[in-house]
Amino acid sequence: MLFGLLPLPAAHPRWDQQSRELSQRHVTKRAKKLRVKEKEIKLKPVIAFDFGSEIRERDWCNVVTCHMDTAQAYVWRLQNFVLGEHILKPCPENQIPVKACAISACGNFAVLGTAGGWIEQFNLQSGINRGSYVDLSERSCAHVGEVVGVAYDSTNTLMISAGYHEVWDFKGRGLKSRWEIGCAVVKIVYHRSNGLLATATNDFVIRLYDVVALRMVRKFEGHIDRVTDLCFSKDGKWLLTSSMDGTLRIWDVSLARQIDAIHVDVSVTALSLSPNMDVLATTHVDQNGVYLW
C-alpha cells in the first residue's frame, strides 16, 4: 500500500531535551593556543560510525567514527561524550581514507574498511592494530575496490564485509565465503540476532543473506532510484528502506513482501527505528534537522 505525499514532521520537544553531543570541544581556543588554523585540527564530517556495548563504556571508548577523506578513525567515550585517547590508523604508509567501521558484540574490537580495499582490526582498549583480513588466494588485501560496509556477528565468530559480499573468520581473519551478484553494493545492515545481512546495490534491489547458511534468502524490488539507507526493526521482522525516489518502504522479512510505503516530499537520506518501534528518525536531502515520526 502506498500512501500519499507526506510533509516532514516537526521535531518533538520532549525528545529534543534528551539530545547529547559528541564533540571535540573548544576547537577555536585550542587552535589559538597551538597557533594553527581551526580547520587544521577540526575533524571533517562523519561518514560512518558504530557504537558498542554499554557494558564496556566505563572501561574504554565504545564509539568509533569515520570522517570524510580521512585516513584514520577516531574513538569516543559515550559515557562522558568526549574524544578518546587513541586514533585508529590502518595502512599508515598509504594514507587511504577509511570508509566503514564496526564494533564487535563484546565491545573489545573495532574493524575498519578503507577506500583501497584494506580491512584491519583494532583493540579498542589499547588502540593496537590486531591485524588485517586478507584473501591470500588472490591478493594482498581484502577487497579489490572500496569497502562500503563491515559488521561483526553476535558471537565473535564471523566478520562480514561488503564491496563484494564476503564472510571472514573472526579469529583467523581468513576468507570463508564470497557472493558475487554482478553489481556494486552501496549499503549494508546486519541484524545480529537473526543473522541476516541486508544489502542495497546500484540496481536498486534489496537482497537478504543468511550469513550462517551462506546463501541469499530474500530479494525485494520496488525502488526506482538509489537506495540511501536500510534499517531492521529490533525483532528483525521488518526491514525499512529509503530511496532517492522519494519513498520509504517497509518489507516483511518472513512473508518476503512489501507491507507498506510512504512517499515523502523530500527524499530520506538516513533512517533509524527505535527499539520499541514507536519512533522513526529520518534525515532528508538539504535538510539540517533530524525528523521524528
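Okay, so tryptophan 168: its bridge partner is leucine 175, over in strand 13. This is a predicted model, by the way, so keep that in mind throughout. The two strands involved, strand 12, residues 165–169, and strand 13, pair in the antiparallel sense, and they do so over four bridges.

Zoom out from that pair and you get an open sheet of four strands, in the order 10-11-12-13, with antiparallel pairing. Which strands stand at the edges? Strand 10 and strand 13, the latter being 175–179. Each has a single partner strand, so one side of each is left without a neighbour in the sheet. As for the twist, neighbouring strands here are turned by 15° against each other on average, if you ignore direction.

While we're in this region, have a look at threonine 155. You'll find threonine 155 in the loop that links strand 10, 149–152, and strand 11, 158–162. Buried or exposed? Threonine 155 is exposed, and the relative accessible area is 53%; the cut-off for that label is over 50%. And here's a distance for you: threonine 155 and histidine 165 are ten residues apart in sequence, and 20 Å apart in space, going C-alpha to C-alpha.

Next sheet. Again there are four strands in an open arrangement, this one ordered 14-15-16-17, and the pairing is antiparallel. Strand 14, 185–191, and strand 17, 215–220, are the edge strands, each pairing on one side only. The average turn between neighbouring strands in this sheet is 25°, direction ignored. In the middle of that order, strand 15, residues 196–201, and strand 16, residues 206–210, run antiparallel and are joined by five bridges. If you want a residue pair to click on, threonine 199 sits opposite arginine 207 of strand 16.

Okay, the core. How many residues are in the largest nonpolar core? There are 15, and the ones that touch the most other members are Val64, Val75, Leu88, Ala110, Leu112 and Leu124. At least two residues each come from strand 3 (63–67), strand 4 (73–77), strand 6 (98–103) and strand 7 (109–114). Strand 6 gives the largest share, three residues. That sort of grouping is familiar: in soluble globular proteins, nonpolar side chains tend to be buried together.

Between two of those core strands, there's a backbone oddity. Aspartate 69 is in the loop between strand 3 and strand 4, and aspartate 69 has a positive phi, about 55°, despite not being a glycine. For context, most residues other than glycine have a negative phi. Aspartate 69 also counts as exposed, at 53% relative accessibility.

There's another case further along the chain. Alanine 256 has a positive phi of about 60°, and again we're not talking about a glycine. Alanine 256 lies in the loop between strand 20, 247–252, and strand 21, 257–264. This one is partly exposed, with a relative accessible area of 35%.

Last stop, and aspartate 69 comes back. Where does aspartate 69 turn up again? In the lining of the second largest pocket, together with Gln24, Lys39, Glu40, Ile41, Lys42, Leu43, Lys44, Thr70, Gln72, Tyr74 and Leu83. The space in that pocket is about 170 Å³. Helix 3, residues 38–41, provides the largest share of the lining, three residues. And by class, for the docking-minded, the lining has five charged, four nonpolar and three polar residues.

Definitions and conventions: Residues numbered from 1 in each chain as written. Predicted model: local features only at pLDDT ≥ 70, side-chain atom pairs only at ≥ 80, totals over all residues. Heavy atoms only, no water. 1 Å grid on protein atoms, 1.4 Å probe; cavity = no way out; pocket = protein on both sides within 12 Å on 5 of 7 lines; lining within 4 Å. Points joined across faces, edges and corners; volume = space filled by probe spheres on them. Nonpolar A, V, L, I, M, F, W, Y, C, P; charged D, E, K, R; others polar. Pairing = 2+ DSSP bridges. Axes fitted to C-alpha atoms, helices over the stretch in contact; angles between N-to-C directions. Core = buried A, V, L, I, M, F, W, Y, C linked by side-chain atoms within 4.5 Å. Buried < 20%, exposed > 50% of the residue type's maximum accessible area, 1.4 Å probe, protein only.
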